[in-house]
Amino acid sequence: DPREAVCQWAFDQKDWIEGLVPPGYPKNVKESKGSSSLHYAALGLAVFAALLILGITAGVYRYRERQVMKAAQIEFLMCLLVGLFAIALGSIVIASTVTESSCILAIWLINLGYTIELVPLLV
C-alpha cells in the first residue's frame, strides 16, 4: 500500500523532518500595551485612501453623462474603484484591533479587492 509506505518513510525520517522546522516555531506573539505612532499613521493613511476613493467614485458618478466618462466606460471605472475600496477597507481592518475574525476579514477584503480591481484590466 503506497500510503502505508509514505507514512512509514515519514516516521523513519522523523528526526530529519523535525530538523527542517525553524527553531522557536510556532512563534509566540507578544501584544504591545499601547499603540505606536506608526499604527496611527497606517490607520490614517488607510482612512484617507478610503475617503479619497469614495470622493473619486462620487465624481465619476456625478459626471457619468459626459462624453469623456462614457468613453472611459463607467462600469470599468466603477469596478476598479470598488476593488480599490475593498483594499482600503482591508487596510483599515489590518490597522484596527486584531482578532481572529479581523485577520480573516482583512485577508478576504484585500484578496477580493485585488481580484475585482485587476480583472477588468486583464479581461
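The exercises below, each with a worked solution, concern a predicted model of one chain.

Local features are reported at pLDDT of at least 70 and side-chain atom pairs at pLDDT 80 or more, while totals for chains, interfaces and linings use all residues. Residues are numbered from 1 along each chain as its sequence is written, and side-chain values use heavy atoms, without hydrogens and water.

**Exercise 1. Secondary structure**

State how many helices and strands the chain has, and give their order.

Solution. Step one is the rule: helices are DSSP runs of H or I with at least four residues, strands are runs of E with at least two, and numbering starts at the N terminus. Step two is the count, which gives six helices and zero strands. Step three is the order along the sequence, α-α-α-α-α-α.

**Exercise 2. Overall dimensions**

What radius of gyration does the chain have, and what would a compact globule of 123 residues have?

Solution. The radius is taken over C-alpha atoms, and the globule rule is 2.2 Å times the number of residues to the power 0.38. For 123 residues the rule gives a value near 14 Å, but the chain has 23 Å. The extents of the C-alpha trace along the principal axes are about 70 × 45 × 20 Å.

**Exercise 3. Burial, surface and contacts**

Give the share of buried residues, the exposed area and the share of contacts that join residues at least 24 apart.

Solution. Start with the classes: buried is under 20% relative accessible area, exposed is over 50%, and partly exposed is in between (1.4 Å probe, protein chains only). By this rule 18% of the 123 residues count as buried. Next, the chain exposes about 9,900 Å², and carbon and sulfur atoms supply 67% of that area; the method is Shrake-Rupley with a 1.4 Å probe, and for residues only the protein chains shown count as cover. Last, a contact means heavy atoms within 4.5 Å. Among contacts between residues at least 6 apart in sequence, 56% join residues at least 24 apart.

**Exercise 4. The largest nonpolar core**

Which residues form the largest nonpolar core, and which helix gives the most to it?

Solution. A nonpolar core is a set of buried Ala, Val, Leu, Ile, Met, Phe, Trp, Tyr and Cys residues joined through side-chain atoms within 4.5 Å. The largest one has eight residues: A50, I53, V60, M69, I74, L77, L81 and A88. Helices α3 (37–62) and α5 (74–95) each supply at least two of these residues. The largest contribution, four residues, comes from α5. For a single member, take A88: leaving aside neighbours within four places in sequence, A88 is in contact with A46, A49, A50 and I53.

**Exercise 5. A backbone angle**

Where does Q73 lie, and what is its phi?

Solution. Q73 is in the loop between α4 (67–72) and α5. Its phi is near 65 degrees, a positive value in a residue other than glycine. Most residues other than glycine have a negative phi. Q73 is partly exposed, because its relative accessible area is 48%.

**Exercise 6. Placing four residues**

For V98, Y63, Y114 and L105, give the element and the exposure class.

Solution.
- V98 sits in the loop between α5 and α6 (100–122). Its relative accessible area is 60%, so V98 is exposed. The C-alpha atoms of V98 and W16 are 36 Å apart, with their positions 82 residues apart in sequence.
- Y63 belongs to the loop between α3 and α4. Y63 is partly exposed because its relative accessibility is 32%. From Y63 to I74, 11 residues apart along the chain, the C-alpha separation is 9.8 Å.
- Y114 is part of helix α6. At 42% relative accessibility, Y114 is partly exposed. Y114 and A86, 28 residues apart in sequence, have C-alpha atoms 8.1 Å apart.
- L105 is also in helix α6. With a relative accessible area of 42%, L105 is partly exposed.
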